[in-house]
Amino acid sequence: MHRRGARRVNGNALVLCGLVFFVIVATIFCMAANAREAAKEQKRIAAEKQAEEEAKEAEEAKLAAVRKAEEERKKASSVQPGVPIGTTEVTDDEKVVYLTFDDGPSENTEEILKILEKYNVKATFFITGEDKSHRYLIKEAYDAGHTIGLHTYSHKYSEVYASVDAFFEDLEKIGEIAKEQLGFVPCFIRFPGGASNLVSAQYCKGIMSELVNLVQEKGYQYYDWNLDSGDGAGKGKDELIKNSQTDKLNHIMLLCHDAGAKHETVEALPSIIEYYQQNGYEFRAIDRESYVVHHKVNN
């Protein structure tokens, strides 16, 4: 009986030892598994953190590149006395249209910007100071990749061409409007009536002969045109389309207007764009390297 009891005790002890061993082994296994899971989780967290840091660095680099490009664009578009602008000699065979609009911004500018976006076309806007309520469109046009140039603040020939000083006073005023919207004064300008105008002679003999040289000495470049849509003379849609189309020129500086009364220009614009795109022309905004059209000075 004592032997049987001893065997029973020994058996229970073995079972107990087995259970303890199992618990210990299971505990060690679970701890190892947990350690592996914890290590994997730490690795995952570290990988996610690294990915976030790399994404942040990439975004910062991208923003820095955008800021640098924007600074370079502003610098290239701003007045820099002594730095050449453009060329009047074209030797390549590229087919380019420089679509230009004078006398805005206005409510028509907004419609024109929508059309330009639809056709993926860049243009140049020579602005005036007449319509204060639409000045915000100057920045919208610039932000959309278009070029902003200066036309005139008042657009009153009797004031603008009263004297050389009067012209530059007007130019500085419209330059300040551009600076308020863009942060810089553009170097691209267009004379009211163009460099060839005769109206200026009524107010100051020989003024244009002086101005064409003086503006360039001061860091500006002036742009006339070699194709006129006719919208300045109030032509209708069909005539505007006809006047704006040619296959005789490879480098076209097309004169249009975006003043508030130029609704016909808005209506004609899609057909004008489609004609040139179908005939292999590229639309470009004026920049510092662009072709420059100069008229013969008549005063």
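**Exercise 1.** Where is the place of histidine 155? State also what is notable about its phi.

*Solution.* The model is predicted. Begin with the neighbouring elements: strand E3 covers 147-152 and helix H4 covers 157-160, and histidine 155 sits in the loop between them. Next take the backbone: phi of histidine 155 is positive, about 60°, although the residue is not a glycine.

**Exercise 2.** Describe the backbone at aspartate 103 and at the peptide bond from glycine 104 to proline 105.

*Solution.* Step one: aspartate 103 belongs to strand E1. Its phi is near 85°, a positive value in a residue other than glycine. Step two: decide whether aspartate 103 is buried or exposed. The relative accessible area is 16%, and the cut-off for buried is under 20%, so aspartate 103 is buried. Step three: the bond joining glycine 104 to proline 105 is cis, its omega being near 0°. Step four: E1 spans 96-104, and proline 105 lies in the loop between E1 and H2.

**Exercise 3.** Characterise the packing of helix H2 against helix H3.

*Solution.* Two packed helices are described by the angle between their axes and the distance between the axes. H2 comprises residues 107-118 and H3 residues 136-143; their axes come within 10 Å and cross at roughly 15°. Angles under 35 degrees count as roughly parallel, and H2 and H3 are therefore roughly parallel to each other. The crossing of H2 and H3 is left-handed. H2 contributes Thr109, Glu110 and Leu113 to the contact, and H3 contributes Tyr136, Leu137 and Ala141. Sorted by class, the contact of H2 with H3 consists of four nonpolar residues, one polar and one charged.

**Exercise 4.** Assess the overall form of the chain, using its radius of gyration and the span of its C-alpha trace.

*Solution.* Count the elements: the chain has eight helices and eight strands. The radius of gyration is 36 Å, whereas the globule rule gives 19 Å for 299 residues; the former is well over the latter, so the chain is more spread out than a compact globule. Along the principal axes, the C-alpha trace spans about 140 × 40 × 40 Å. Of the 299 residues, 40% are buried. Finally, consider contacts between residues at least 6 apart in sequence: 81% of these join residues at least 24 apart.

**Exercise 5.** Place isoleucine 28 in the chain and relate it to alanine 162.

*Solution.* Isoleucine 28 is part of helix H1, residues 2-77. With a relative accessible area of 51%, isoleucine 28 is exposed. Its C-alpha atom is separated by 98 Å from that of alanine 162, 134 residues apart along the chain.

Terms used: Residues numbered from 1 in each chain as written. Predicted model: local features only at pLDDT ≥ 70, side-chain atom pairs only at ≥ 80, totals over all residues. Heavy atoms only, no water. Axes fitted to C-alpha atoms, helices over the stretch in contact; angles between N-to-C directions. Helix = DSSP H or I, 4+ residues; strand = E, 2+ residues; numbered from the N terminus. Parallel < 35°, antiparallel > 145°, perpendicular 65-115°, else oblique. Left-handed = near helix turned anticlockwise from the far one by under 90°. Contact = heavy atoms within 4.5 Å. Nonpolar A, V, L, I, M, F, W, Y, C, P; charged D, E, K, R; others polar. Rg over C-alpha atoms; globule rule 2.2 N^0.38 Å. Buried < 20%, exposed > 50% of the residue type's maximum accessible area, 1.4 Å probe, protein only.
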